[in-house]
Amino acid sequence: MKRLAILGSTGSIGVSTLEIVTEYPNHFRIVALTAGRNLALLEEQIVRFRPEVVAVPDQENAQRLKERIGAGGPRVLCGTEGLIECAAGSPVDMVVSAIVGAAGLEPTLAAIEAGRDVALANKETLVIAGELVMAAVARSGCRLFPVDSEHSAIFQSLEGHRKSDVRRLILTASGGPFRNWSLDDLQDVTPQDALAHPNWTMGRKITIDSATMMNKGLEVIEAHWLFDVPVDDIAVHIHPESIVHSMVEYVDGALIAQLGIPDMKTPIAYALTYPERLTLNLPALDLCRLSQLNFAVPNSQCFPCLGLAYDAIRRGGTTPAVLNAANELAVEAFLQEKIAFLDIPRIIGKVVAMHINTEASSLEPILAADMWARQTAQSVIHEIQGVSYA
Ligand code: NAD
Ligand code: MG
């Protein structure tokens with residue numbers, strides 16, 4: 001019986017994780033759950049999974065939740081402290097890190113420092129603080145299992161091989177809904193257009209990141225830290241079918257890949273039960289029914305976010321944290337229809353260019369850079385709005 005804490009239990013990854021738990025009640029016990037805004041769903045999950053402790057963002061929501069669940073329910077905590085307590089203070093064997101954005105960093109780091117194994121969906125944690133996080137993993141001896149499908153594919157393709165034989169990693173990318181659009185077409189993209197991902201159903205932020213290809217940029221940085229491979233040995237191939245989830249190229253030319261239908265339950269389950277595989281009730285991949293698998297080079301002119309991410313990790317230090325924070329603000333502003341789709345990379349580029357890079361070997365400069373980038377991105381967004389309404 002594996003005892004789990006799920007951070008971000010009401011999100012896309014959180015809900016899929018709980019579906020696996022429901023299918024395998026004898027394998028898992030839910031000890032802690034945390035949610036952002038969707039208290040109604042958290043309440044349902046509390047009734048169903050009977051956690052010992054839950055966390056919500058603030059005191060007001062904690063009070064509301066306590067009143068609704070009444071006596072005999074779980075302890076209700078709030079804020080970053082509450083998240084950290086769920087991740088590191090509760091008696092669990094594994095923490096599923098599935099909050100979106102920088103809010104996932106501190107609880108994930110706390111889980112690692114407390115020696116908990118982590119199933120990591122929150123890629124932003126490694127983007128912002130990869131050096132710090134991997135050093136904490138090495139110190140605490142915990143294990144970090146990738147949930148992101150590309151990284152799970154690489155993890156599986158590395159199994160049984162020697163790290164010294166790896167020539168490069170190849171991450172695949174669907175290319176998102178605008179794969180074949182011209183720069184001109186991209187001018188008038190709406191949030192609705194961008195939220196219609198062809199292959200995956202995911203949270204709003206990652207869906208926009210997929211449309212700009214920042215998601216792949218964040219994943220290059222994530223792969224660099226997870227697998228300790230230089231960023232220049234990590235390539236990205238556009239693969240519209242999302243069947244080959246990623247590949248490892250070895251020095252003798254062998255290419256080892258993991259294939260499957262695009263469903264996050266496969267990588268989530270593998271992270272939960274490694275090295276065991278659970279029987280999942282998913283349609284099998286029938287290669288004979290696929291007419292073809294395509295691969296292409298990304299279009300850097302239409303999708304500059306990918307290049308911005310490569311540049312940021314090459315600069316290192318606090319720059320990736322700044323890239324991430326500026327992206328979070330720009331994506332939110334786009335979703336609120338304050339800026340255009342093509343403003344997203346412009347804003348990130350401007351904020352990163354203004355940043356004075358510092359070392360990122362402790363949390364303090366990282367959090368300071370994150371806060372600076374949020375404030376700076378906000379001013380750049382205001383400037384852009386001023387221009388468009390002038
Ligand atoms: P989502 O938006 O569906 O869910 C996010 C969860 O985090 C929700 O439970 C939400 O309530 C909670 N949350 C949001 N902001 C919070 C805050 N400030 N404090 C506390 N909780 C907060 O997102 P998702 O699609 O499930 O993605 C979660 C993470 O997994 C992201 O980092 C994403 O990049 C990564 N990921 C997702 C997928 C996918 O298929 N959805 C695939 C690979 C990686
Ligand atoms: Mg992915």
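A residue is called buried here when its relative accessible area is under 20%, exposed when that value is over 50%, and partly exposed in between. With that in hand, let me turn to the structure, which is a predicted model.

I start with the magnesium ion, ligand 2, which is coordinated by D148 and E219 together with E150, through OD of the aspartate and OE of the two glutamates, at 2.1 to 2.2 Å. Along the sequence these donor residues follow the spacing D-x1-E-x68-E. D148 has a relative accessibility of 8% and therefore counts as buried, and E150, with a relative accessible area of 8%, is buried as well.

Next comes ligand 1, which has 22 residues around it, and of these T10, S12, G36, E124 and G203 come nearest. Looking at individual polar contacts, an oxygen atom of ligand 1 lies 2.7 Å from an N or O atom in the side chain of E124, while a backbone N or O atom of S12 is found 2.9 Å from an oxygen atom of the ligand. For A121, a polar backbone atom is 3.4 Å from an oxygen atom of ligand 1. Taken on its own, ligand 1 has 830 Å² of accessible area, and the protein covers 84% of that.

Finally, the surface. Which residues form a nonpolar patch there? They are L259, L287, L293 and F295, which together have about 320 Å² of accessible area. Within this group, L293 sits in the loop between helix 12 (265–273) and helix 13 (304–315), and because its relative accessibility is 32%, L293 counts as partly exposed.

Methods: Residues are numbered from 1 along each chain as its sequence is written. Chains are lettered from A and ligands numbered from 1 in the order in which they are written. This is a predicted model: local features need pLDDT of at least 70, side-chain atom pairs count only at pLDDT 80 or more; totals for chains, interfaces and linings use all residues. Side-chain values use heavy atoms; hydrogens and water are left out. Donors are N, O and S atoms within 2.8 Å of the metal (3.2 Å for Na, K and Ca); water is not among the atoms, so sites may look incomplete. Buried means under 20% relative accessible area, exposed over 50%, partly exposed in between (1.4 Å probe, protein chains only). Patches are made of residues with over 30% relative accessible area and no salt bridge: like charges are joined within 9 Å, nonpolar side chains (Val, Leu, Ile, Met, Phe, Trp, Tyr) within 5 Å. Accessible areas come from the Shrake-Rupley method with a 1.4 Å probe; for residues, only the protein chains shown count as cover. A salt bridge is a side-chain nitrogen of Lys or Arg within 4 Å of a carboxyl oxygen of Asp or Glu. Helices (H or I, at least four residues) and strands (E, at least two) are DSSP runs, numbered from the N terminus. A residue is near a molecule or strand if one of its heavy atoms lies within 4 Å of it. A polar contact is a pair of N or O atoms within 3.5 Å; within protein, one must be able to donate a hydrogen and the other to accept it, and residues adjacent in sequence count only if both atoms are side-chain atoms.
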